[in-house]
Amino acid sequence: MDITLIYFDFPFWRAEVSRIALFMGGIEFNDRRINSEEFLRVKSNGYLDDGTLIPFGQLPVLVVDGVSVAQTGGIARYCGKLADLYPKDDDFLAAQIDQFIDFQTDVFNWILFSGKDVSEEQKLLNREKLVEGELKRKLKMLENFLSASRPWAAGSNMSIADLALWRNMGWLVSGTIDGIPKNILNKFPKIKSICSLVDEHPDVVEWMSRTYPKNYPRGSFK
């Protein structure tokens, strides 16, 4: 099987979940990272410069034996199955995992749209309102939903749900998002606990040492 995962050259959760899942599963893949100039051409014609199809003009894209597949969730589930980080024959556990993947999309969209097509001043005002309002409320709901009796988000083992939660929350506390304080998770110990477990997993540590820039602001869960 020939597998290529296509995204930009930075560890955002939309691609990082699948990258790390494949790495943890020992699945060989081409980690293809494109620049913004090539992506502009993708948005115009729907193809990479070498002719690879990019469905819907969005990344990430997974290419398996020459066939392109789009959308973060679908790619993550497929890679998770290959790596035994997503169930192949337990539909209900799969649904439990899916909800955490979709939650990360919600968080990303709240932050994205709070700063879209507005002035810098208005963006900071929007983010302040978001932090004290919808984002705080939803993080509290997530915290209350997580089990206190098991270490992982869904089921008894690590899954792509935990990878998604870790990487997206890492972005949230990285200090790189204007108007989002680095201590935003301080009142959510169960969220931080899962993120810390992933952050300290030997395979994740190895992946980060191989692929993350030395000074990349990953965020701290301590």
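**Notebook: cysteines, overall build and two helix pairs**

I started with a single residue, C79: its relative accessibility comes out at 0%, so I put C79 down as buried. Worth noting before going on: this is a predicted model.

Next I looked up another cysteine, C195. Its relative accessibility is also 0%, and anything under 20% counts as buried, so C195 goes down as buried. With cysteines on my mind, I asked how many disulfides the structure holds. The count is zero.

**Overall build**

Then I stepped back to the whole chain. I counted nine helices and four strands in the protein. Reading from the N terminus, I wrote the order down as β-α-β-α-β-β-α-α-α-α-α-α-α. The radius of gyration is 18 Å, and the globule rule gives 17 Å for 222 residues; those are close, so I noted the protein as being as compact as a globular protein of that length.

I also took the box along the principal axes: the C-alpha atoms fill roughly 45 × 45 × 35 Å. How much of the protein is buried? I got 48% of the 222 residues. For contacts between residues at least 6 apart in sequence, I found that 67% join residues at least 24 apart.

**Helices α1 and α3**

Back to C79, this time through its helix. I looked at how α1 (residues 13–24) packs with α3 (residues 72–82): the angle is about 10° and the axes are 8 Å apart. An angle under 35 degrees counts as roughly parallel, so that is what I wrote for α1 and α3. Which residues make the contact? From α1 I listed W13, R14, V17, S18, A21 and L22, and from α3 T72, I75, A76, C79, G80 and L82. So C79, my buried cysteine, is part of this contact. Sorted by class, the contact of α1 with α3 has eight nonpolar, three polar and one charged residues.

**Helices α7 and α8**

C195 took me to the other pair. Here the axes of α7 (residues 160–172) and α8 (residues 189–199) come within 9 Å and cross at roughly 100°. That falls in the 65 to 115 range, so I noted α7 as roughly perpendicular to α8. On the α7 side the contact residues are D162, L163, L165, W166 and M169. On the α8 side I have I191, I194, C195, V198 and D199. By class, the contact of α7 with α8 has eight nonpolar, no polar and two charged residues.

Key:
Residues are numbered from 1 along each chain as its sequence is written. This is a predicted model: local features need pLDDT of at least 70, side-chain atom pairs count only at pLDDT 80 or more; totals for chains, interfaces and linings use all residues. Side-chain values use heavy atoms; hydrogens and water are left out. Axes are lines fitted to C-alpha atoms, for helices over the stretch in contact, and angles run from 0 to 180 degrees between N-to-C directions. Helices (H or I, at least four residues) and strands (E, at least two) are DSSP runs, numbered from the N terminus. Angles under 35 degrees count as roughly parallel, over 145 as roughly antiparallel, 65 to 115 as roughly perpendicular and the rest as oblique. Contact means heavy atoms within 4.5 Å. Ala, Val, Leu, Ile, Met, Phe, Trp, Tyr, Cys and Pro count as nonpolar, Asp, Glu, Lys and Arg as charged, and the others, Gly among them, as polar. A disulfide is a pair of cysteine sulfur atoms within 2.5 Å. Buried means under 20% relative accessible area, exposed over 50%, partly exposed in between (1.4 Å probe, protein chains only). The radius of gyration is taken over C-alpha atoms; the globule rule is 2.2 Å times the number of residues to the power 0.38.
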